[in-house]
Amino acid sequence: MQQLVELYKRWSGEAPLNVEKLPGAGSNREYYRMFGSDGKSVVGVIGTSRDENHAFIYLSRHFYQQQLPVPRVLAASEDELRYLQDDLGSVSLFDAIRGGREAGGRYNQYEKELLKRTIRQLANIQMSGAHGLDWKNCYPQPVFDQDSVLFDLNYFKYCFLKPTDLDFHELKLEANFRMMAKDLTAEDCDGFLYRDFQARNVMLVKDKKDGNGDAELIPYFIDFQGGRRGPFYYDLASFLWQASAKYPHKLRRDLVMEYYQSLKQYIEVPSTRHFVERLALYVLFRTLQVLGAYGFRGYFERKKHFIDSIPPAMQNLRELLKEGEGGFGYSLSRQYPYLVDMLRRLTELPQFAQIEQPAVSRADGYKTAGKNVYKAHPQDGPATYSKYDGKGPLVVRVFSFSYRQGIPEDESGNGGGYVFDCRSTHNPGRYEPYKKLTGLDEPVIRFLEDDGEILTFLESVYRLADAHVRRYIQRGFTSLMFSFGCTGGQHRSVYSAQHLAEHIHRKFGIEVRICHREQGITQTLLPK
C-alpha cells in the first residue's frame with residue numbers, strides 16, 4: 001500500500017488526502033480510491049500478476065489513443081504491479097439495470113436504452129480497438145484458438161458434467177468437442193475479443209461535454225485485461241446470454257440487431273442467417289464454459305453464490321436447446337447430435353428440475369412478479385423543492401381504472417390533472433391466455449410491447465407529462481394527478497400507469513404514488 005501512495009505522490013506532487021479501499025472484484029487485484037487536495041479522485045490498483053497488469057496497462061493506453069471509452073492509465077510503477085487510473089465513479093450498468101433483473105427480466109424503457117448504448121459500443125471497442133494492436137501484449141495468450149476452446153469444454157466435462165453422474169459416451173462427446181473447437185475457430189477474425197464482457201464491467205459516466213443535469217450516460221469499459229484476438233460473436237453471446245440477467249427473448253433479439261447494425265459501420269458483415277447460426281454456436285460454447293466455472297466454484301469450492309447460479313444457467317441451457325422461438329436447438333442438433341442429446345438429458349436430471357421460482361406463482365402457470373413490481377431507477381439529482389411557497393416537493397399520483405367503475409376522484413382538492421383513454425390500443429384481455437393476468441405480468445407486457453401500439457401511445461403521454469411536471473415544479477405546486485382508463489382496468493391501463501409513474505420518478509426524482517384501483521395494488525416511489 002505504501003508503494004501505491006508513493007506512486008501517487010510522484011504523479012501528483014503530493015500525498016493523497018484520503019484513501020478508501022473499494023470492494024474487491026473476482027481477481028486478486030486490490031482497488032483504492034485516492035483523493036487529492038483539489039477534491040478530485042483517481043483509482044489506485046495493486047496487482048499480483050505482472051503479466052496481467054501489463055496487459056491492462058498496454059490495452060488501456062492503446063484504446064485511449066483510439067479514442068475509446070476506457071479509463072486512462074495515469075501512472076504505473078516500473079514493475080507494473082501498481083498503477084493509477086481514471087476514477088469512473090461507482091455506477092455500473094449492472095447496478096443501473098437491477099430493477100429489470102429483479103423484476104424477472106421486465107426491463108423498462110430507460111434500462112433498455114442503456115443496454116442498447118452499451119451493445120453499440122461493443123462493436124466499436126472490438127473493431128476500432130484492434131487497429132494497430134500488438135497482440136503479443138495480451139494475457140494469458142494472444143489469440144482465441146482450438147486449444148483454449150478444448151480447455152474450456154473439458155473444464156465443463158470434468159467440473160460440471162462428471163459430478164452429476166449422468167451416463168454419457170466419452171469418446172462420442174470428445175469427438176463433438178473437437179468438431180466444435182474446429183468450427184469455433186474456422187472463421188479468421190482480427191477483432192478484439194473482450195473475453196469478460198458483462199454488465200459489471202461497464203461503468204456509466206456522465207458525458208463531460210454536456211454540463212447540464214440531463215447529461216447522457218456514456219458506457220465506459222473496464223477489466224479487459226483478458227482480451228485477445230478473436231471472433232466478435234463470443235462477447236455478444238457472453239453478454240446477452242448471461243443467465244442471471246434474464247433478458248426476455250424480444251429484448252435479446254432487439255439487442256442482437258442493434259449490435260449487427262453497429263458492426264456494419266466497421267466491417268463487411270455476413271448475412272443475417274449466417275450471423276445468427278454462428279452466434280448460436282458461441283452461445284452454446286459460452287453456456288458450457290459458464291457451467292464449468294459454476295461447477296468448480298460451487299461443487300468443489302462450495303461457494304453458495306455459484307451453487308445458486310446453476311439453476312438459472314440450466315434454464316438458459318433448456319431455452320437454448322429448444323427448437324422454437326428463442327432456441328437454437330434445431331441448428332445445433334444438426335451439427336452436434338450427440339452433444340445436444342446428452343445436454344437435453346442433462347437438463348432433465350432431478351437435481352436440475354427445480355428452476356428459479358417467480359416472486360408469486362399463479363394457478364394458471366404464468367409468471368408474475370408480485371405487487372412490488374419495480375425498483376426505482378431515478379436519474380441524477382435530488383427532488384426539486386418549491387421556489388415560491390416552501391410547502392415541499394411536488395407529489396404525483398398515477399391511477400389505473402376501469403371506465404365501468406368511473407374515473408378516480410381527486411382527493412387533494414386541487415382538481416385538474418389528466419385522464420387518458422387506453423381503449424384505442426390492442427387489448428390483450430380479448431385473448432384467453434391473458435384474461436386472468438394484469439399489465440404487471442410478463443406475458444401481458446410482452447404482448448403489449450411486441451404489438452407496439454401502447455409504446456406509441458405512451459410516447460405522446462410522456463412528452464405531455466414531462467412538460468407539465470417540470471412546470472409544476474417550477475411554480476411550486478405540490479400535487480398532480482394522472483389517470484389511465486381501459487375497459488376493465490386490468491391490462492392496458494395498469495401497464496400505462498406503471499410505466500408513466502416510473503418514467504416521472506426516474507426523470508425528476510420526486511415522490512410518485514401509484515394506485516391500480518381495480519386490482520387493489522398501491523405503491524409509493526419515494527423521492528430521491
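Tutor: Two strands are taken to pair if DSSP finds at least two bridges between them. The structure we are discussing is a predicted model.

Student: Which residue of β8 does V205 stand opposite?
Tutor: Strand β7, residues 202–206, is joined to β8 by 5 bridges, and the two strands run antiparallel; they count as a pair because at least two bridges are required. Strand β8 spans residues 217–221 and is mostly covered, with 4 of its 5 residues buried. Within this pairing, the residue of β8 that stands opposite V205 is I218.

Student: In the open sheet with the order β1-β2-β3-β5-β4, which are the edge strands?
Tutor: This open sheet is formed by 5 strands in antiparallel pairing, in the order β1-β2-β3-β5-β4. An edge strand of this sheet pairs on one side only, and the strands in that position are β1 (18–21) and β4 (73–76).

Student: By how many degrees are neighbouring strands of the sheet β1-β2-β3-β5-β4 turned against each other on average?
Tutor: The sheet in question consists of 5 strands with antiparallel pairing. With direction ignored, the average turn between neighbouring strands of this sheet is 25 degrees.

Student: Which residue in β2 is the bridge partner of V19?
Tutor: Strand β2, residues 30–35, is joined to β1 by 4 bridges, and these two strands run antiparallel. In that pairing, the bridge partner of V19 in β2 is M34.

Student: Helix α2 packs on the sheet, but which strands is it touching?
Tutor: Helix α1 (residues 2–12) lies across β2, β3 (41–46), β4 and β5 (82–86), and its direction is at about 55 degrees to β5. Helix α2 (residues 50–65) also packs on the sheet, with its direction making about 140 degrees with that of β4, and the strands that helix α2 touches are β4 and β5.

Student: In the sheet β13-β14-β12-β15-β16, why is one side of β13 and of β16 left without a neighbour?
Tutor: The sheet is open, has 5 strands and shows mixed pairing. Strands β13 (418–421) and β16 (521–525) stand at its edges, so one side of each lacks a neighbour in the sheet, given that each has a single partner strand. The twist from one strand to the next averages 15 degrees. The reason asked for, then, is the edge position of β13 and β16, each with a single partner strand.

Student: Which residue in β15 is the bridge partner of F399?
Tutor: Strands β12 (residues 395–402) and β15 (residues 511–516) pair over 6 bridges, in the parallel sense. In this pairing, F399 has as its bridge partner in β15 the residue C515.

Student: At about how many degrees to β14 does helix α16 run?
Tutor: Helix α15 (residues 453–475) lies across β12, β13 and β14 (479–486), and runs at about 165 degrees to β14. Helix α16 (residues 492–508) lies across β12, β14, β15 and β16, and its angle to β14 is about 155 degrees.

Student: Is S479 buried or exposed?
Tutor: S479 lies in strand β14, where it touches L394, V395, R397, S412, N414 and Y472, not counting residues up to four places away in sequence. Its relative accessibility is 17%. Because the limit for this class is under 20% relative accessible area, S479 counts as buried.

Student: What length does the polar contact between the side chains of Q289 and R286 have?
Tutor: Q289 is found in helix α10, residues 272–300, and is buried, with a relative accessible area of 7%. Leaving out residues up to four places away in sequence, Q289 touches D152, R195 and Y234. The side chains of Q289 and R286 are joined by a polar contact of 2.4 Å.

Student: The side chain of T185 reaches a backbone oxygen, but of which residue?
Tutor: T185 has its place in the loop between α7 (170–184) and β6 (191–193), and is partly exposed at a relative accessible area of 23%. Beyond its neighbours within four places in sequence, T185 is in contact with F144, D145, Q146 and V149, and its C-alpha atom is separated by 7.5 Å from that of F144, 41 residues apart along the chain. At 2.9 Å, the side chain of T185 reaches the backbone oxygen of A181.

Student: What volume does the second largest cavity have?
Tutor: The structure holds 2 cavities of 30 Å³ or more. The second largest is lined by F94, I97, R101, Y107, A199, Q242, S244, A245 and Y247. The volume of this second largest cavity is about 30 Å³.

Terms used. Residues numbered from 1 in each chain as written. Predicted model: local features only at pLDDT ≥ 70, side-chain atom pairs only at ≥ 80, totals over all residues. Heavy atoms only, no water. Buried < 20%, exposed > 50% of the residue type's maximum accessible area, 1.4 Å probe, protein only. Contact = heavy atoms within 4.5 Å. Polar contact = N/O pair within 3.5 Å; in protein donor to acceptor, adjacent residues only side chain to side chain. Axes fitted to C-alpha atoms, helices over the stretch in contact; angles between N-to-C directions. 1 Å grid on protein atoms, 1.4 Å probe; cavity = no way out; pocket = protein on both sides within 12 Å on 5 of 7 lines; lining within 4 Å. Points joined across faces, edges and corners; volume = space filled by probe spheres on them.
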